[in-house]
Amino acid sequence: MTLTGELLIGAARVPATAGTMKALNPATGELIEPEFAFGGPAEVDRAVRLADEAFDSYSHTGLTERAAFLDRIADNLEAVKDELAARLALETGLPAAQLEGEAVRTAGVFRKFATVVRQGRFLQATVDPAQPDRQPAPRMDHRLQKVALGPVVIFGASNFPISYSVVGGDTASALAAGCPVILKAHNAHPGASEIQGRVIQRAVAEAGLHEGVFSLVRGAGNEIGEALVDHPLVHAVTFTGSEAGGMALFRRAQQRPDPIPVFTEMTSVNPTFVLPAALAARGAEIGTGLVQRAMYNVGQACLKPAILLAADGPGFQELRDALSAEVAKAAARTMLTPGIHDAYVRNAQRLENDGATRVAAGQAPEGLWDGQSLLYEVSGEQLLAEPGLREEVFGPAVLLVRLTGAEQLLEVARAFRGQLSATLHAEADDRAHAQRLLPILERRTGRIVFNAFSIPQEVSYASTHGGPFPATSDSRFTSVGMGAIERFIRPVTYQNFPDDLLPDALRAANPENLWRVVDGELVKD
Ligand code: NAP
């Protein structure tokens with residue numbers, strides 16, 4: 001595919017109106033061809049209006065047709081996976097093989113959402129039939145199903161440049177729900193964004209859908225993101241990135257005359273608790289495994305196990321030694337952008353300023369924006385006293401916390417803000433301790449992992465990628481897994497309707513053969 005650098009607005013390729021940029025190869029510092037167009041509020045308006053025009057027809061596509069469209073995106077994505085991975089390797093410094101795997105897994109996510117659509121359970125079709133003879137008053141017929149919210153704005157993330165970017169899970173779940181998507185491309189990988197955008201643009205045309213189902217815009221600075229969030233025809237926003245960026249967009253959306261939901265996924269240190277018997281039995285093994293997971297994607301992962309907590313005692317030294325050895329041998333690797341690299345260096349220094357001791361460092365950086373792996377240590381007392389030590393350092397750093405015992409472990413657990421995940425390593429002798437820790441973790445996180453690591457992430461029906469603030473802005477929802485579709489739908493009740501005016505899912509004959517809740521019972525009637 002020859003990259004043109006244009007914006008993708010519906011079926012059109014639109015040239016720059018607000019300047020251009022080139023992609024940066026963070027491994028070499030070189031700029032890469034071609035020029036990529038920036039748009040402004042006029043292009044935002046055009047894309048959102050098209051999405052609004054597309055909404056009525058797209059949100060009413062039959063389940064079979066919509067599922068086929070999602071499958072088509074998956075096929076088109078797989079067809080360009082080599083080219084996409086090669087371009088992305090240049091734009092991100094990440095290994096091409098890893099990126100190819102990400103493309104294949106992401107195609108799989110679109111296919112899973114196609115299944116979700118075919119199953120139709122997300123509609124939550126519910127029927128309370130009329131009871132004309134009910135005493136003391138008759139009941140009218142009530143039928144409920146979920147409907148799509150409207151056009152959705154998705155901010156592509158920098159760190160997983162396929163699975164959280166243009167063709168990522170946010171896009172898959174919004175399209176599955178029946179919402180047209182306006183994608184704000186991340187400027188860290190403009191070429192790869194264009195390839196992914198054209199994959200969807202082509203699928204829209206092949207499926208014969210309204211062109212406004214998908215647009216991709218790009219801009220300089222905050223203006224374009226603000227215009228998207230402010231646009232009166234936008235009904236929801238998703239975002240993965242920094243707490244500052246996410247909260248700026250969230251607050252902006254709440255200040256609209258008609259506030260809209262903004263689902264932000266922002267920051268998490270994913271604390272890992274090692275209980276005493278587990279520490280004694282396999283401290284070294286846990287240390288090695290943790291560093292390997294923490295360094296995945298050069299530590300630029302929302303699920304990175306950034307803080308490891310254990311009480312001093314049998315196994316602690318083995319844990320510490322294994323962490324040190326694994327960190328020491330890690331090569332410094334290119335980070336996604338100069339800005340993310342510089343923030344990493346600054347935040348690692350902040351840990352030191354806040355009193356953390358540097359225990360080990362990986363191989364020295366060679367490239368300008370290489371991230372050096374780092375291991376720090378603090379006491380439980382320090383972690384409790386200094387909130388900054390409990391904040392994310394985005395990049396390949398791990399913080400070991402040496403606790404005084406079981407009570408301090410519980411106290412420290414209570415001090416954490418909301419998290420995407422927390423992990424527990426425990427043996428049979430740790431059961432009583434684990435039972436005290438679990439309710440504390442449940443209040444603070446969307447996922448609790450037992451004797452394993454939260455990376456790799458499963459994209460499935462039981463996945464939760466969410467959690468209390470600041471992990472996300474709304475802990476009731478997940479941004480990964482089949483449940484992600486829930487962010488883009490809302491209930492409508494049809495009261496006393498004639499059958500021929502009802503949506504298919506609610507008709508007496510149940511033509512889609514869906515599971516429905518009828519008078520409180522789940523049935524396929
Ligand atoms: P970011 O700075 O939060 O930006 C993400 C996206 O939002 C970009 O497209 C950005 O546009 C846009 N944006 C941010 N603030 C905005 C505002 N006030 N108004 C309008 N648009 C806004 O994230 P990033 O560039 O990916 O990385 C920066 C830092 O975010 C990292 O160092 C890391 O700390 C954190 N991060 C965390 C995670 C995680 O999963 N926990 C993932 C990625 C990043 P522009 O680029 O055009 O400004």
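Contact here means heavy atoms within 4.5 Å.

## Getting started

The structure above is a predicted model, so a few ground rules apply: local features need pLDDT of at least 70, side-chain atom pairs count only at pLDDT 80 or more, and totals for chains, interfaces and linings use all residues. Residues are numbered from 1 along each chain as its sequence is written, and side-chain values use heavy atoms, with hydrogens and water left out.

## Two domains

The protein splits into domain 1 (8-19 + 35-266 + 475-486) and domain 2 (272-450), with bounds that come from an automatic or database domain assignment. Their C-alpha centres are 33 Å apart. Where the two meet, 14 residues of domain 1 are in contact with 15 residues of domain 2.

## The sheet that starts with strand 2

A quick word on terms: helices (H or I, at least four residues) and strands (E, at least two) are DSSP runs, numbered from the N terminus. Two strands pair if DSSP finds at least two bridges between them.

One open sheet has seven strands in the order 2-1-9-8-7-10-11, with mixed pairing. Strand 2 (12-14) and strand 11 sit at its edges with a single partner strand each, so one side of each has no neighbour in the sheet. From one strand to the next, the twist averages 20°. Angles run from 0 to 180 degrees between N-to-C directions, and axes are lines fitted to C-alpha atoms, for helices over the stretch in contact.

Within this sheet, four bridges pair strand 7 (residues 152-155) with strand 8 (residues 181-184) in the parallel sense, and Val153 stands opposite Ile182. Helix 8 (residues 243-254) packs on the sheet, touching strand 7, strand 10 and strand 11, and its direction makes about 170° with that of strand 11. Helix 6 (residues 190-206) lies across strand 1 (7-9), strand 2 and strand 9 (214-217), at about 160° to strand 9.

## The sheet that starts with strand 15

Another open sheet of seven strands follows the order 15-17-18-13-12-19-20, also with mixed pairing. Strand 15 (357-361) and strand 20 (448-450) are at the edges; each has a single partner strand, so one side of each is left without a neighbour in the sheet. Neighbouring strands here are turned by 20° against each other on average, direction ignored.

Strand 12 (residues 272-274) and strand 19 (residues 422-425) run parallel and are joined by three bridges; Val274 has His425 as its bridge partner. Helix 11 (residues 338-353) lies across strand 15, strand 17 (374-379) and strand 18 (397-403), running at about 30° to strand 17.

## The largest pocket

On a 1 Å grid over the protein atoms alone, a pocket is an open set of points with protein on both sides within 12 Å along at least five of seven lines, while a cavity is a set where a 1.4 Å probe fits but cannot get out; lining residues have an atom within 4 Å of a point. Grid points are joined across faces, edges and corners, and a volume is the space filled by probe spheres set on the points.

The largest pocket has a volume of about 1100 Å³. Its lining has 42 residues, with His186, Phe239, Gly241, Ser242 and Gly245 nearest the centre. Helix 11 gives the largest share of that lining, seven residues, and each of the two domains supplies at least three.

## The largest cavity

The whole structure holds five cavities of 30 Å³ or more, and the largest has a volume of about 100 Å³. It is lined by 15 residues, and Phe263, Thr264, Thr472, Ser479 and Arg487 lie nearest its centre. Strand 10 (236-240) and strand 11 (262-265) each supply at least two residues of that lining.
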